[in-house]
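Dear colleague,

I am passing on a structure that you have not worked with before, and below it you will find an account of what turned up in it. Please read the text with the structure open beside you.

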Amino acid sequence: MQIDHDEIMRRAAAISPTLSAHARECDVARKLTAESMAAVVKAGMFRIPQPRRVGGYELSLRTLADAVTSLSEACPSSGWVLMVMGAHHWCMGSFPEAAQDEVFGDGRDGLVAGTLSSQGTANPVEGGFRVEGRWQFCSGVDHAHWVILGCADPSTHRPSVHVVVARGDLEVDDTWHVMGLQGTGSKDVLAHNVFVPSHRTIDTRILFRGASPHAANHTTNLYRLSAEAMLSVSVSTAVLGSAKFALRQFIERTKERRVILTGARKAEHGPTQVRLAEAAAEIHSADLLIHDILGEFDRLTATGETFDNEHRVRAKWQAAYSAELCRRAVARMFSGSGAHAVYTPSALQAAFRNVNVGAQHASIDFDNSAELYARLRLGLS
């Protein structure tokens with residue numbers, strides 16, 4: 001069977017009922033249930049951005065983005081874990097082939113969690129590095145076999161290297177007590193003087209620029225994009241899915257709501273109609289902004305053109321603004337959804353919490369991304 005975009009979206013639709021049925025259970029457990037994770041793995045979702053040379057599909061980032069958005073509409077936590085771990089599977093395409101083989105060889109579903117920000121340290125030693133520290137926000141780590149960690153040089157404290165560590169070599173600290181996206185299991189991990197061989201490492205600057213020599217050894221140019229920009233856009237696709245879910249819930253709830261004092265149908269209320277129209281336009285605009293950048297990713301992948309700083313800044317800003325549009329849209333709907341939305345079982349309340357937590361991700365920081373973009377346009381950087 002040919003695995004292409006349409007087939008992936010068919011599979012995403014097929015597993016969505018299962019994910020939706022377990023969404024609340026994931027939140028209670030504060031990690032994906034075994035059933036949800038198994039459904040995503042069996043459907044081959046994590047293989048979307050995985051290199052073809054080690055059993056992956058090596059499909060476009062647009063395909064991964066659409067799958068993440070689709071699953072996020074069914075279960076925000078499942079979509080988020082696919083987004084984060086999928087990004088790390090994509091990052092593996094820039095690591096040495098020996099690392100790719102070790103993680104994915106022989107057709108294994110070598111599930112890779114991680115934290116790309118340089119929160120711990122890596123000290124160079126003979127044959128590799130000694131890794132030490134604590135990393136936060138390691139989504140999906142309970143189900144992972146491997147973990148990618150960003151590390152700083154212990155002497156300069158500057159980002160230096162990214163390493164791939166066996167999950168069993170790390171301690172997991174269950175710190176994930178949060179207001180939204182509870183089911184992602186984004187716990188802390190700790191490394192205590194862990195040795196990582198050189199073949200499971202890559203210079204951080206090379207990874208973030210999309211300049212790895214190993215990226216050129218694949219059948220496509222997929223891995224020659226910036227990891228920093230890729231992650232920013234990926235995060236926004238998960239936020240988009242939660243916002244689309246909120247819009248659907250708001251429409252369904254508004255159709256049945258009545259004003260308590262008069263019994264009038266809320267759907268006939270003009271201000272509520274305007275609120276719906278604005279929220280729908282913001283979510284649609286976010287979708288267009290995201291797919292504009294994904295289209296540029298497709299073009300760069302097809303041509304092999306160098307991914308430069310202008311591409312990076314533009315991608316990060318459009319991703320950040322898309323997430324902000326989704327946040328505003330969901331806040332507008334939540335504030336117009338009545339007192340019943342404050343109860344815990346409310347789907348709209350859950351969406352409000354999930355979107356606001358997702359939009360807090362450092363890769364789509366609104367202020368920083370806006371400043372970078374404005375400075376670029378003004379010729380200041």
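**What was found**

H5 has its place in helix α1, which covers residues 5-29. Please keep in mind throughout that this is a predicted model. With a relative accessibility of 16%, H5 counts as buried, because the cut-off for that word is under 20%. Leaving out residues up to four places away in sequence, H5 touches R62, T63 and D66, and with D66 there is also a polar contact of 3.4 Å between the two side chains.

**The sheet**

Seen as a whole, the sheet is an open one of 7 strands with mixed pairing, and the order of its strands is β5-β6-β2-β1-β3-β4-β7. The edges are taken by β5 (171-173) and β7 (201-203), each of which has a single partner strand, so one side of each is left without a neighbour in the sheet. From one strand to the next, the twist averages 25 degrees.

Within this sheet, β3 (residues 146-152) and β4 run antiparallel and are joined by 7 bridges; as an example, L149 has V163 in β4 as its bridge partner. Helix α4 lies across β1 (112-125) and β3, and it runs at about 50 degrees to β1.

A residue worth finding in β4 (residues 159-166) is V161, which counts as buried at a relative accessibility of 4%. Once its neighbours within four places in sequence are set aside, V161 is in contact with A122, F129, L149, G150, C151, T201, I202, D203 and T204. One of these contacts, T201, is 40 residues away from V161 in sequence, although the C-alpha atoms of the two are 6.6 Å apart in space.

**The helices α7, α8 and α10**

Helix α7 has 30 residues, and the distance from its first C-alpha to its last is 45 Å, close to the 44 Å expected at 1.5 Å a residue. Of those 30 residues 22 are buried, so α7 is largely enclosed by the rest of the structure. At its start, a side-chain oxygen of S226 comes to within 3.3 Å of the backbone nitrogen of E228.

For α8, with its 34 residues, a span of 50 Å should follow at 1.5 Å a residue, and the end C-alpha atoms are 49 Å apart, which agrees. Just after α8, G304 takes a positive phi of about 80 degrees.

Helix α10 (residues 347-358) has 12 residues and reaches 16 Å from first C-alpha to last, close to the 16 Å expected at 1.5 Å a residue. It is mostly covered, with 10 of its 12 residues buried, among them L348, A351, R353 and V357. The buried residues of α10 pack against three other helices, namely α4 (76-91), α7 (227-256) and α9. At the start of α10, a side-chain oxygen of S346 reaches to within 3.3 Å of the backbone nitrogen of L348.

**The loop between α8 and α9**

In the loop that lies between α8 (270-303) and α9 (309-335) you will find F307, which counts as buried at 8% relative accessibility. Not counting residues up to four places away in sequence, F307 touches R209, R224, L225, S226, A229, F297, L300 and R312. One of these, S226, is the residue whose side-chain oxygen was described above at the start of α7. F307 and G210 are 97 residues apart in sequence, and their C-alpha atoms are 7.2 Å apart in space.

**The aromatic pairs**

The structure holds 8 aromatic pairs. One of them, formed by W317 and Y373, is stacked, with 6.2 Å from centre to centre and 20 degrees between the planes. Because W317 lies in helix α9 and Y373 in helix α11 (residues 366-377), the pair ties together parts that are 56 residues apart in sequence. W317 counts as buried at 16% relative accessibility, whereas Y373, at 23%, counts as partly exposed. Ring pairs also link W317 and Y373 with Y321 and F366 into a cluster.

With kind regards

How values were computed. Residues numbered from 1 in each chain as written. Predicted model: local features only at pLDDT ≥ 70, side-chain atom pairs only at ≥ 80, totals over all residues. Heavy atoms only, no water. Helix = DSSP H or I, 4+ residues; strand = E, 2+ residues; numbered from the N terminus. Buried < 20%, exposed > 50% of the residue type's maximum accessible area, 1.4 Å probe, protein only. Contact = heavy atoms within 4.5 Å. Expected span 1.5 Å × (residues − 1). Polar contact = N/O pair within 3.5 Å; in protein donor to acceptor, adjacent residues only side chain to side chain. Phe/Tyr/Trp six-rings, centres within 6.5 Å; stacked < 30°, edge-to-face > 60°. Pairing = 2+ DSSP bridges. Axes fitted to C-alpha atoms, helices over the stretch in contact; angles between N-to-C directions.
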